[in-house]
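I opened the notebook to record what I looked up in this structure. The entries follow the order in which I went through the side chains and then the strands.

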Amino acid sequence: KEKFALDGASKHLFERASTLPSHKILAEALNQQLGSLELEELKTTFLKDASLVQLVDDPNPLASLYTTNEHLEHEEWAVNFVNASCGRRPKLLVEEPITSDWLAKEQSDAVKFICGMKDAVCAVRGIAGAGKTTMLKELHGHLERAGHQMLYLAPTASAVDVLRSEGFLNATTVSEYLAKANQEPWHHAVIVIDESGLKSTKQ
């Protein structure tokens, strides 16, 4: 039952985290089997669990950081994909776009950067209210006029509704996209993932 509790804790916690201290995993495992586990037995099982990977060479393994083998494989795949595709794709636009006058310089620079990059993956970060949606509308217009198929993904149905209300009509949830990825012609689309930090590494 200790291993079952640890597996449940790992599945729950590593959905949203890459690394975790051991005490958080142990605490969640205790919650998984509330009142039916002994902490010392759980610690012993934890130290023998082959699915967990210790990330820091700490003399006290119960004070270290951990991930799972599955999570590590997903992370390595993602990093390798990003690195292998750097500079290997054609620019989204051959010529630098002439952006709208009302855009802030940072928004205009972001649009030009994305249109001119040769990487398969690009991350855009900005605090709430920084104007990411306005920048995205500008980007959408340039890429759609150039003949690019645009697809927008969001973590929830309500977030999809927000995207559609902003004019990004070709929007769906990440889960729906993954379920239908092999049935839809998205192989050459420009895929925009809203709130990508809310997705699990597996997704």
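**Aromatic residues, surface patch and sheet**

I began with F81, which is partly exposed at a relative accessible area of 33%. I note that the model is a predicted one.

I then looked up W77, which lies in helix 4, residues 69-85. Its relative accessibility is 58%, and the cut-off for exposed is over 50%, so I entered W77 as exposed. F81 also lies in helix 4: W77 and F81 are four residues apart there, about one turn of the helix.

I next asked which residues form a nonpolar patch on the surface. The patch consists of W77, F81, V82 and V121. Together these residues have about 370 Å² of accessible area.

**Aromatic pairs**

How many aromatic pairs does a search of the whole structure find? The search finds three. I recorded two numbers for each pair I looked up, because a pair of aromatic rings is described by the distance of the centres and the angle of the planes.

One of the pairs is F46 with Y66, which is edge-to-face. The centres are 4.9 Å apart and the angle between the planes is 75°. F46 belongs to helix 3 (residues 39-48) and Y66 to strand 3 (residues 65-68), so this pair ties together parts that are 20 residues apart in sequence. I checked whether these two residues are buried or exposed. Both F46 and Y66 are buried.

Another of the pairs is W77 with F81, and I entered this one as stacked. Here I read 5.4 Å centre to centre, with 10° between the planes. Both residues of this pair also belong to the nonpolar surface patch. W77 is exposed, whereas F81 is partly exposed.

**Sheet**

I turned to the strands and asked in what order they form the open sheet. Three strands make up this sheet, in the order 5-4-6, and their pairing is parallel. The edge strands are strand 5 (171-173) and strand 6 (190-193), each of which pairs on one side only. From one strand to the next, the twist averages 30°.

I then looked at how strand 4 (residues 150-154) is joined to strand 6. Four bridges join the two, and they run parallel. For a residue-level entry I took M150, which stands opposite V190 in strand 6.

Definitions and conventions: Residues are numbered from 1 along each chain as its sequence is written. This is a predicted model: local features need pLDDT of at least 70, side-chain atom pairs count only at pLDDT 80 or more; totals for chains, interfaces and linings use all residues. Side-chain values use heavy atoms; hydrogens and water are left out. Patches are made of residues with over 30% relative accessible area and no salt bridge: like charges are joined within 9 Å, nonpolar side chains (Val, Leu, Ile, Met, Phe, Trp, Tyr) within 5 Å. Accessible areas come from the Shrake-Rupley method with a 1.4 Å probe; for residues, only the protein chains shown count as cover. A salt bridge is a side-chain nitrogen of Lys or Arg within 4 Å of a carboxyl oxygen of Asp or Glu. Buried means under 20% relative accessible area, exposed over 50%, partly exposed in between (1.4 Å probe, protein chains only). Rings of Phe, Tyr and Trp (its six-membered ring) pair if their centres lie within 6.5 Å; planes under 30 degrees apart count as stacked, over 60 as edge-to-face and the rest as tilted. Two strands pair if DSSP finds at least two bridges between them. Axes are lines fitted to C-alpha atoms, for helices over the stretch in contact, and angles run from 0 to 180 degrees between N-to-C directions.
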